[in-house]
Amino acid sequence: MHFPKKTIITAMLSCCIYSFSQAQTTATNTSLKQAYQKDFLIGTALNTAQIEKKDAKATALILQQFNAVTPENCMKAENIHPGWDKYDFNLADKIVAFGKEHNLAVNGHTLVWHSQLPVFARKIVSVDSFKTFFTNHISTIASRYSGKVFSWDVVNEALNEDGTMRKSIFLEKLGQDYVTEAFRLAQQHAPNTELYYNDYNNEQPQKRAGCIALVKKVQAAGVRIDGVGIQGHWHLGKLPLRDIEESILAYHALGLKVMFTEVDIEMLPRSFGGADVNQTMAANPSLNPYKSGIPDSLLQQQAKDYESLFKLFLKHQDKITRVTFWGVHDGQSWLNGWPVPGRTNYPLLFDRAFAPKPAYHAVLALKN
Ligand code: XIL
């Protein structure tokens, strides 16, 4: 089962459109997915409770606003492949069923990533055994969900900021060609699934150049790669709009679809950019200034940021196939726990009470 963009759009058109009682807009479009249905898919990441529909309000919001989902954690190697011969497909199967039931495109995340690896994989010493792990992992998971997920983030975060290859266990054991090999295996075992490379900061010129070189290498080997995902973990007032636009054009010029796969706008202070999960900071009250509420001026600024971002996305809607937020609402965003534990962050379009924020209205207003 393949889901070309137009098919999904037609399917979504026929989907029920719920009225959004909390929205304070008088606009015609009453949800993100409805407003952007002719442009690109609007996705969200789902955590375990959301996949298991444990919170009826969250489920209602997900189904009302989004037409694509990405598992936040349950398809990562440590969860889905906890032992050499042991796989746990429980939650992954559930998100696939959730997608099928509600007509949502599921993006598998992710087959090859240096982080959230199972303990046993880190302990593999011999190159041959690591190769076997790599091959078994990709072939088992890709074939199980072949035709059931719309797409895969085949490889996640293989690059350093300067565009060179990250010194991960994959590079160390398998050498420079492991990215191409991952795509080759995914293509073989998931022939009808779109295959993407995904990274953060790959809109930045140096990392973008590395990303382009990586894609060209895969293409030169005659292996299929369908798109590049730009994660989009950005900061209030610091959106790199020019770099983003140049990247959309550059990736599109390679014949690729462009996606924004993990969008959020960080509202709290920190000493570094990017989204390297290995980088953390110690908790400190000065790093958590909006524990009991955020000033409206900052929410207005965030609305402006999201507005300029979506204006740019709309300008290039012919090249962009999906924009996914990394979480449904502020209360469950990963940015409450990273890079500083225990903070109160406000990066998404819906607040802790599931109510739409100024940013939501700004994004919707662009289409009304
Ligand atoms: C994050 C999840 O949101 C967290 O729950 C988890 O603890 C760590 O990983 N880039 C990615 C995502 O590709 O998989 C990461 O997700 C965020 C950064």
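## A walk through the predicted model

At 29% relative accessibility, N103 counts as partly exposed. That residue is a good place to begin our walk through this model, which is predicted. N103 sits in the loop between α6 and β3, and its backbone has a small surprise: phi is near 60 degrees, a positive value in a residue other than glycine. Most residues other than glycine have a negative phi, and most peptide bonds are trans. Keep both halves of that rule in mind, as we will meet exceptions to each.

A second residue of this kind is K53. It is not a glycine, yet K53 has a positive phi of about 50 degrees. Look for K53 in the loop between α3 (48-51) and α4 (56-65). With a relative accessible area of 34%, K53 is partly exposed, because the range for that label runs from 20% to 50%.

Now for the peptide bonds. Where does the bond with omega near 0 degrees lie? Follow the chain from H109 to T110, and you will find that the peptide bond there is cis. T110 belongs to strand β3, which covers residues 105-112. Another cis peptide bond joins W338 and P339, with omega of about -5 degrees. P339 has its place in the loop between β9 (320-325) and α14.

From these backbone details, let us move on to how helices pack. Take helix α13 (residues 296-315) and helix α14 (residues 358-365): the angle between them is about 30 degrees, and their axes are 8 Å apart. Angles under 35 degrees count as roughly parallel, so α13 is roughly parallel to α14. The two helices cross in a right-handed sense. Which residues of α13 and α14 meet? From α13 come L299, Q300, Q302, A303, Y306, E307 and F310, and from α14 come P358, A359, A362 and V363. Sorted by type, the residues of this contact between α13 and α14 are 8 nonpolar, 2 polar and 1 charged.

A further pair to trace is helix α11 (residues 205-220) with helix α12 (residues 241-253), which pack at an angle of about 10 degrees with axes 11 Å apart. The cut-off of 35 degrees applies here as well, and therefore α11 is roughly parallel to α12. On the α11 side, the contact is made by P205, R208, C211 and I212, while α12 brings D243, E246, S247, A250 and Y251. The residues of the contact of α11 with α12 divide into 5 nonpolar, 1 polar and 3 charged.

One residue in that list, C211, deserves a second look. Is C211 buried or exposed? Its relative accessibility is 0%, so C211 counts as buried. Another cysteine, C74, has a relative accessibility of 7% and counts as buried because that value is under 20%. As for disulfides, with sulfur atoms required to be within 2.5 Å, the count comes to 0.

Next, turn to strand β1 (residues 41-46), where you will find G43. With a relative accessible area of 0%, G43 is buried. What does G43 touch, leaving aside its neighbours within four places in sequence? Its contacts are F66, A68, V323, T324 and F325. G43 and N107 are 64 residues apart in sequence, and their C-alpha atoms are 9.2 Å apart in space.

A97 offers another look at sequence and space together. This residue lies in helix α6 (residues 90-102), and at 42% relative accessibility A97 counts as partly exposed. Between A97 and V149 there are 9.9 Å in space, C-alpha to C-alpha, and the two are 52 residues apart in sequence.

Our last stop is L287, in the loop between β8 (257-266) and α13. Although L287 lies in a loop, it counts as buried, at 12% relative accessibility. Leaving aside neighbours within four places in sequence, L287 is in contact with L268, P269, M281, A282, V340 and R343. To place L287 against strand β3, where we met T110, try V106: L287 and V106 are 181 residues apart in sequence and 35 Å apart in space, C-alpha to C-alpha.

How values were computed. Residues are numbered from 1 along each chain as its sequence is written. This is a predicted model: local features need pLDDT of at least 70, side-chain atom pairs count only at pLDDT 80 or more; totals for chains, interfaces and linings use all residues. Side-chain values use heavy atoms; hydrogens and water are left out. Axes are lines fitted to C-alpha atoms, for helices over the stretch in contact, and angles run from 0 to 180 degrees between N-to-C directions. Helices (H or I, at least four residues) and strands (E, at least two) are DSSP runs, numbered from the N terminus. Angles under 35 degrees count as roughly parallel, over 145 as roughly antiparallel, 65 to 115 as roughly perpendicular and the rest as oblique. A crossing is left-handed if the near helix is turned anticlockwise from the far one by less than a right angle, and right-handed if clockwise. Contact means heavy atoms within 4.5 Å. Ala, Val, Leu, Ile, Met, Phe, Trp, Tyr, Cys and Pro count as nonpolar, Asp, Glu, Lys and Arg as charged, and the others, Gly among them, as polar. Buried means under 20% relative accessible area, exposed over 50%, partly exposed in between (1.4 Å probe, protein chains only).
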